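Work through the exercises below with the sequence and the model side by side. Each task is followed by a worked solution.

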Amino acid sequence: MRKPLLAALSALAIAGLGAVPAVAAPHAEAARSAHSVTAAEAVTAAKAVNSAKATTVDFAGTVSLSNCSGSVVRFPNSVDTDPALVMTNGHCLETGFPQPGQVITGQSSSRTFGLLNSRGTKVATLRANQVVYSTMTDTDVTIYRLTTTYAQIKSTYGISALTVNDTHPVAGTAISVVSGYWKRIYNCDIDGFVYQLKEGGWTWKDSVRYTSACNTIGGTSGSPVIDTATGRVVAVNNTGNENGESCTVNNPCEVDENGNITVRQGINYAEETYQIPACFTTGNQLDLSASGCTLPKP
């Protein structure tokens, strides 16, 4: 998985690249490319091309976690008075990675999130009161319930939640992976979909594969993947093959319908989110027995 920041920096330190505090900034800078921009650059670029794009993708509504990225999200049927939700990865759960086959629901939480505005500036600290849903089986997602509503966030900070699209993404779609941790936006396309993505003991299904321009790094875990034409979330960023190994931790492999394995070193992935809205009903309440809900159950 695109491991949490602490693990990523520890690995760098062990590799001889220096102490953790010293390598944090250089590591982020080294990972920059023409497709990876800073918060200030993102705003400037967005303004320059605004007339040519249907939607301007910026940092508004994204959040920073202690070691990952995430976003405040709503579903097509959510209403402003609903308690707001934050989405990140299952492997970003504060109590540790869910085991293969494990599904966590209704777990108490007081985790905090730094809410960002369009320029990537932290404007508030949001707090959760519950882990609504978390798993690393079939997908890699954690959804937190906040102590504030969408309306309260909007009226106080002028920031709207990102909407999770409820239809399957399409290959070739232009996307932005927006990291609240690094305050960095990666731009590329959906290259295709993976029947099964295996990493260590975990298996994810129908994963999104990026084109090579999205060279995400540690700390980008949980970033929303946004369709640049609609501004809607179509996936959640979660992993990449770092060393060319096959099916090991931090080196996922692709498995097709016939069991054939493909390794793509340097390529990164996300997990689709279109199936999530069907599992939430009135008041943003989780209902895993709802019609059309296909998320793994406890």
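## Exercise 1: Cysteines near the C-terminal end of the numbering

Cys279 has a relative accessibility of 0%, so this residue counts as buried. The model is a predicted one.

Task: find the partner of Cys279 and describe the link.

Solution.
- Step 1. Cys279 forms a disulfide with Cys293, and the sulfur atoms are 2.0 Å apart.
- Step 2. The cut-off for a disulfide is 2.5 Å between the sulfur atoms.
- Step 3. The angle about the S-S bond is 100°, and the link of Cys279 and Cys293 is right-handed.
- Step 4. Cys279 sits in the loop between strand E17 (268–272) and E18, and Cys293 in the segment after strand E19 (285–286), so the pair ties together parts 14 residues apart in sequence.
- Step 5. Cys293 is buried too, at a relative accessible area of 9%.

## Exercise 2: The other disulfides

Task: state how many disulfides the structure holds, and work out the handedness of Cys68–Cys92 and of Cys247–Cys253.

Solution.
- Step 1. There are 4 disulfides in the structure.
- Step 2. In Cys68–Cys92 the sulfur atoms lie 2.1 Å apart. The S-S torsion is about -85°, so this disulfide is left-handed.
- Step 3. Cys68 is in the loop between strand E2 (62–64) and E3, Cys92 in the loop between E4 and E5; the pair therefore ties together parts 24 residues apart in sequence. Both cysteines, Cys68 and Cys92, are buried.
- Step 4. Cys247 is joined to Cys253, S to S 1.9 Å. Here the torsion is about 95°, so the disulfide is right-handed.
- Step 5. Number the bonded cysteines in sequence order: the pairing reads 1-2, 3-4, 5-6, 7-8.

## Exercise 3: Rings

Task: count the aromatic pairs, then classify Phe75 with Phe280 and Phe97 with Trp202.

Solution.
- Step 1. The count is 4 aromatic pairs.
- Step 2. Phe75 and Phe280 are 4.8 Å apart, centre to centre, with 40° between the planes, and the pair is tilted.
- Step 3. Phe75 belongs to the loop between strand E3 (69–74) and strand E4 (83–88), Phe280 to strand E18 (residues 280–281); the pair links parts of the chain 205 residues apart. Phe75 and Phe280 are both buried.
- Step 4. For Phe97 and Trp202 the centres are 5.9 Å apart and the planes at 70°, so this pair is edge-to-face. The edge-to-face cut-off is over 60 degrees.
- Step 5. Phe97 is partly exposed at 32% relative accessibility, whereas Trp202 is buried at 11%.
- Step 6. One more ring: the charged end of Arg74 sits over Tyr150, 4.8 Å from the ring centre.

## Exercise 4: The core

Task: which residues have the most contacts inside the largest nonpolar core, and which element supplies its largest share?

Solution.
- Step 1. The largest nonpolar core has 47 residues, and Val72 and Met87 have the most contacts inside it.
- Step 2. E7 gives the largest share, 6 residues.
- Step 3. Beyond its neighbours within four places in sequence, Val72 is in contact with residues including Val63, Leu85, Leu126, Tyr150 and Ile153.
- Step 4. A second, separate core has 15 residues, among them Ile175, Val177, Tyr186 and Cys214.
- Step 5. Now take the whole protein: 53% of its 298 residues count as buried.

How values were computed: Residues are numbered from 1 along each chain as its sequence is written. This is a predicted model: local features need pLDDT of at least 70, side-chain atom pairs count only at pLDDT 80 or more; totals for chains, interfaces and linings use all residues. Side-chain values use heavy atoms; hydrogens and water are left out. Rings of Phe, Tyr and Trp (its six-membered ring) pair if their centres lie within 6.5 Å; planes under 30 degrees apart count as stacked, over 60 as edge-to-face and the rest as tilted. Helices (H or I, at least four residues) and strands (E, at least two) are DSSP runs, numbered from the N terminus. Buried means under 20% relative accessible area, exposed over 50%, partly exposed in between (1.4 Å probe, protein chains only). A charge sits over a ring if NZ of Lys or CZ of Arg is within 6 Å of the ring centre and within 35 degrees of the ring normal. A nonpolar core is a set of buried Ala, Val, Leu, Ile, Met, Phe, Trp, Tyr and Cys residues joined through side-chain atoms within 4.5 Å. Contact means heavy atoms within 4.5 Å.
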